[in-house]
Amino acid sequence: MKHRYVFILIIILEVVLIGVKHVNRNQQVSLFGISFVIDPGHGGKDNGSCFNEVLEDEINLNIATKLMNISINEGAISSLTRIGDYDLSSDDASNHKREDLKARVDYINNSGAQFFISIHMNSYPSNVNVNGPMVYYEKNNEESKQFAEEVSKVLNEFSNSDKPIHHDDFYLFRNTKIPGILVECGFISNSKDRNNLTNELYQQQFAKKLYEGIENYTLGERF
């Protein structure tokens, strides 16, 4: 697992250098100086939600990477908890899921970031008509709630829906020290969402909307 952290550190350094170069060209970047972590859920043997041959972990990474690239171009210092198809547990872990989640928490807490966003996909096979993105935040955490509200507004407008934000007791929320949200980008059990989420152009558009929500949140905060 050590080599994965080396790769991630290299990515962070590249992000900083690219961000600085961009700022030198254009001082009007909207997220200049903002630091956040993007967490693509699952990975490796843990595919997350699946429908036929559509795997959640692959879509999570695609959207997360696109979001990182957009935010870098706007002057942010953003990084990913994983940059490939693997989880963050060691090969000999007795409980891969638990160790993976702990490693994600450790990465976020040690990143020096101001907030995080975790990217996931939903699935509801018993009702394939359910569709659309959903945003979760930590209960009784007002900063996370505000973050969730800003992102949800943009996503609801984008998807022509009116889903409320939801609070939950996720491990990631309980153990991280900075505000964060979890976004279920859509339901891969729904044919419309599935077709959209596997389309690269839609992934880029969705990542752009996530960025807009992040931008709105940062404008309302004094980072």
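This tour walks through a few helices and residues of a predicted model.

**Stop 1: helix α2**

Select residues 56–73, which form helix α2. The helix has 18 residues. From its first C-alpha to its last it reaches 26 Å, close to the 26 Å expected at 1.5 Å a residue. Now colour by burial. Of the 18 residues, 13 are buried, so α2 is largely enclosed by the rest of the structure. Step past the end of the helix to G75, which follows α2. Its phi is positive, near 90 degrees.

**Stop 2: where α2 meets α7**

Keep α2 on screen and add helix α7, residues 200–220. Two packed helices are described by the angle between their axes and the distance between the axes. Here the angle is about 55 degrees, and the axes are 8 Å apart. That angle falls outside the ranges for roughly parallel, antiparallel or perpendicular, and α2 and α7 are therefore oblique to each other. The crossing is right-handed.

Show the side chains between them. On the α2 side, select I59, N62, I63, K66, L67 and I70. They meet a set of α7 residues, including E200, Q203, F206, A207, L210, Y211 and I214. Look at the spacing along a helix: with 3.6 residues a turn, residues three or four places apart point the same way.

**Stop 3: Q203**

Zoom in on Q203, in helix α7. Is Q203 buried or exposed? Its relative accessibility is 3%, so Q203 counts as buried. Leaving aside neighbours within four places in sequence, Q203 is in contact with I59, N62, I63 and K66, and also with L197 and T198.

**Stop 4: helix α3**

Move to residues 96–109, helix α3. Its 14 residues should span 20 Å at 1.5 Å a residue. The end C-alpha atoms are 20 Å apart, which agrees. Start at the N-terminal end, where N95 caps the helix. A side-chain oxygen of N95 lies 3.3 Å from the backbone nitrogen of K97. Then pick out the buried residues: D100, A103, R104, V105, Y107 and I108.

**Stop 5: T176**

Keep α3 visible and select T176, in the loop between α5 (171–175) and β8 (180–187). At 12% relative accessibility, below the 20% cut-off, T176 counts as buried. What does T176 touch, not counting residues up to four places away in sequence? The list is V105, I108, N109 and F116. Of these, V105 and I108 are among the buried residues of α3. Finish with a polar pair: a side-chain polar atom of T176 lies 2.6 Å from the backbone oxygen of L172.

How values were computed
Residues are numbered from 1 along each chain as its sequence is written. This is a predicted model: local features need pLDDT of at least 70, side-chain atom pairs count only at pLDDT 80 or more; totals for chains, interfaces and linings use all residues. Side-chain values use heavy atoms; hydrogens and water are left out. Helices (H or I, at least four residues) and strands (E, at least two) are DSSP runs, numbered from the N terminus. The expected span of a helix is 1.5 Å times one less than its number of residues. Buried means under 20% relative accessible area, exposed over 50%, partly exposed in between (1.4 Å probe, protein chains only). A polar contact is a pair of N or O atoms within 3.5 Å; within protein, one must be able to donate a hydrogen and the other to accept it, and residues adjacent in sequence count only if both atoms are side-chain atoms. Axes are lines fitted to C-alpha atoms, for helices over the stretch in contact, and angles run from 0 to 180 degrees between N-to-C directions. Angles under 35 degrees count as roughly parallel, over 145 as roughly antiparallel, 65 to 115 as roughly perpendicular and the rest as oblique. A crossing is left-handed if the near helix is turned anticlockwise from the far one by less than a right angle, and right-handed if clockwise. Contact means heavy atoms within 4.5 Å.
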